[in-house]
Amino acid sequence: MYKISSMEETKNLNMEEVKKRWIRCLVWQQVVGTVLWISWDMAISLAASCLGWMPLSQGVMPSLWGFFRFLVFQISLAMLLVAHCIVTSPEEKAAASVWEMTGGLIGAVLGGGRGRRGALRRKAQTSGDWLLFVLISMLGGFLAVFSVTGGLMQMDVFAPFHMALRGAAFGFIYGVHYVFKKRWVLSFPIIQRPLFFSLKMGIPSAAKRALKLSVLALPCSILMFFLHGNLYGNGIGTFLKQQVVFFLGAYFISFCWELIHHLIQVVHTRRCVFAPPQGSAAAETNPTDPLLVALEESSRRSLAQYLAYLDLCMVSENNVDSWRRAAFFEETGETYKRIISACLRPLEHMAIKLLEGLDSSSVDKTADILSQQMRSPTDRPLYENAKEVLNDFQLCSWCARTVASLTANSHDEDRFGVAQLSGCNGAVVSTLLSCLIIVEVYLGKRSNIQPMHLMGPASIKWTVPSRGAVMEVGKRHSVALKKTALHKKAYAMADVLRTSIYQIVSVFQDEMLVRGSNAGGLSVAERDWLSKIKPVYGTHEMLLQKLGMFLEFRAS
């Protein structure tokens with residue numbers, strides 16, 4: 001029977017789930033590596049015997065040397081998995097440059113810059129993790145090439161060692177490419193497919209990428225051949241033989257490494273159900289406690305937290321676990337308020353950080369003109385804050401979709417009216433509108449929302465001057481923002497927020513509109529659908545008119 005006895009036990013279960021996934025990757029890796037090794041060794045031995053490079057019996061028959069090479073190959077795969085465990089993360093992380101680390105070291109010696117030490121320490125740790133991954137990749141490439149090509153090059157004492165040196169160069173290329181392309185970030189799929197089908201889908205792409213990596217490693221192999229060829233002769237026959245053997249070995253190794261990468265992506269992005277089994281005693285008394293503990297107590301930006309938000313989003317949007325969603329709307333309303341609060345927290349953090357970037361950029365207008373011209377646009381606080389916040393795009397999009405789905409479903413499933421009575425509906429709509437407005441500012445979109453006192457008869461909107469430096473900053477940097485990857489994330493985030501608001505409006509449109517006192521017109525029921533506290537960004541009038549645009553289906 002599944003029973004949660006304490007909050008600490010639930011947190012331990014979350015950590016155990018992450019450990020189990022890595023152990024599962026290790027087991028699958030060893031099984032797949034064994035099958036591929038046997039297939040490779042038999043195929044390459046048969047091909048070498050047909051070319052006259054070695055006797056058939058020497059390559060096919062098992063030997064102590066072959067078993068030793070197999071162990072070395074499995075060790076290299078295990079080392080690479082450890083390297084992946086070091087750098088794999090559900091979100092992008094920023095690394096410290098050489099100049100930042102030098103400046104931080106000087107500041108630490110002089111006793112200044114205490115406010116930025118925490119961020120610099122995290123960036124330095126990320127840089128160290130990346131460097132360690134590249135070093136482990138080099139060592140793994142050294143061992144892997146030694147084991148894969150050792151069966152063909154054992155006629156010469158020095159040949160396996162020099163082929164292994166080329167493997168180290170290949171590992172360096174692979175590690176730098178892996179880090180530079182940010183392939184260490186977990187990419188959560190839109191559709192959760194069965195495990196075997198997900199693994200099968202990645203084989204063609206792994207084969208194509210392995211071919212590209214092995215082609216990139218050929219120039220290093222040719223260079224090292226001429227550097228070390230004098231030890232065992234550098235005739236044209238030896239040259240061609242070694243290039244063919246290295247290319248085939250590099251392709252096989254990179255294919256195995258790509259399968260490991262795909263395996264990690266599939267295993268770690270699968271949904272984890274944070275709930276007791278249906279029908280158990282815990283499911284009858286506290287079915288939502290494991291999920292709430294994972295949302296509130298998990299380390300920020302950890303895999304356990306991401307899995308918890310993914311599970312919550314799937315429960316809110318789909319009908320597969322309707323009994324769990326029904327437990328959200330329990331009579332006291334505490335569960336629903338905690339869930340909404342946990343989802344609004346990342347969205348509010350995003351809006352606050354983006355606002356800080358706009359404010360700091362507005363202040364920078366009064367700074368020294370020469371220093372402003374010497375700085376790159378992407379070095380300004382506007383982009384620093386945007387890059388840091390939009391790295392949480394996946395988490396923020398789940399939160400927006402979750403609160404929108406829960407609010408929309410409360411129309412039919414909330415028997416006690418906890419969503420409306422607790423004020424969660426107003427908090428959800430206000431937060432989504434504030435986040436959308438500030439993201440649109442980053443996109444350079446000039447909103448036409450005007451204060452209420454500037455509305456003329458028949459709802460005519462009079463022209464007003466600019467709203468100040470904040471809007472000018474967003475407009476001034478929008479062109480440069482489009483040249484970066486941040487524009488894609490900001491545009492996607494705005495689309496998610498806009499869709500989420502429309503999802504609520506399409507369900508509650510009749511409840512949101514009330515008959516006004518002026519000439520029988522309709523107005524927005526702001527008392528129920530907008531929070532009374534000050535919004536994270538903008539004013540109450542701005543949110544009210546933005547909501548009115550959604551009700552008229554004119555927001556785009």
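Which residues does M138 touch, not counting residues up to four places away in sequence? M138 touches G167, A168, G171 and F172 on that basis, where contact means heavy atoms within 4.5 Å.

The model is predicted, so local features need pLDDT of at least 70 and side-chain atom pairs count only at pLDDT 80 or more, while totals for chains, interfaces and linings use all residues. Residues are numbered from 1 along each chain as its sequence is written, and side-chain values use heavy atoms, with hydrogens and water left out.

**Overall architecture**

The secondary structure of the chain amounts to 22 helices and 2 strands; helices (H or I, at least four residues) and strands (E, at least two) are DSSP runs, numbered from the N terminus. Of the 556 residues, 48% count as buried. Here buried means under 20% relative accessible area, exposed means over 50%, and partly exposed lies in between, with a 1.4 Å probe and protein chains only. Among contacts between residues at least 6 apart in sequence, 80% join residues at least 24 apart.

**Two helix residues and their surroundings**

M138 is located in helix α5 (residues 117-149). With a relative accessibility of 27%, M138 counts as partly exposed. M138 and A169 are 31 residues apart in sequence, and their C-alpha atoms are 6.6 Å apart in space.

T335 belongs to helix α13 (residues 334-364) and, at 15% relative accessibility, counts as buried. Leaving aside residues up to four places away in sequence, T335 touches T288, L292, A327, F328 and E330. The C-alpha atoms of T335 and D289 are separated by 8.8 Å, although these residues are 46 apart along the chain.

**Loop residues with positive phi**

Most residues other than glycine have a negative phi. Two residues that are not glycine have a positive value in this model, as tabulated below.

| Residue | Phi | Loop | Relative accessibility |
|---|---|---|---|
| K182 | about 55° | between α6 (159-180) and α7 (195-228) | 37%, partly exposed |
| R301 | about 65° | between α10 (289-297) and α11 | 27%, partly exposed |

Helix α11 (residues 303-317) has 15 residues, which at 1.5 Å a residue should span 21 Å; the end C-alpha atoms of α11 are 21 Å apart, in agreement. The expected span is 1.5 Å times one less than the number of residues in the helix. Helix α11 is mostly covered, with 14 of its 15 residues buried.

**Packing of α18 and α22**

Two packed helices are described by the angle between their axes and the distance between the axes. Helix α18 (residues 424-442) packs against helix α22 (residues 540-551) at an angle of about 90°, and their axes are 10 Å apart. The axes are lines fitted to C-alpha atoms, for helices over the stretch in contact, and angles run from 0 to 180 degrees between N-to-C directions. The two helices, α18 and α22, are therefore roughly perpendicular to each other, a term covering 65 to 115 degrees. On the α18 side, the contact is made by V429, S430, L433, S434, L436, I437 and E440, and on the α22 side by M542, L543, K546, L547 and F550. By class, this contact has 8 nonpolar, 2 polar and 2 charged residues, where Ala, Val, Leu, Ile, Met, Phe, Trp, Tyr, Cys and Pro count as nonpolar, Asp, Glu, Lys and Arg as charged, and the others, Gly among them, as polar.

**The largest nonpolar core**

A nonpolar core is a set of buried Ala, Val, Leu, Ile, Met, Phe, Trp, Tyr and Cys residues joined through side-chain atoms within 4.5 Å. Of the 128 residues in the largest such core, L432, V439, I504 and L547 touch the most other members. V439 touches M350, L354, A490, A494 and L497, not counting residues up to four places away in sequence.

Terms used:
Parallel < 35°, antiparallel > 145°, perpendicular 65-115°, else oblique.
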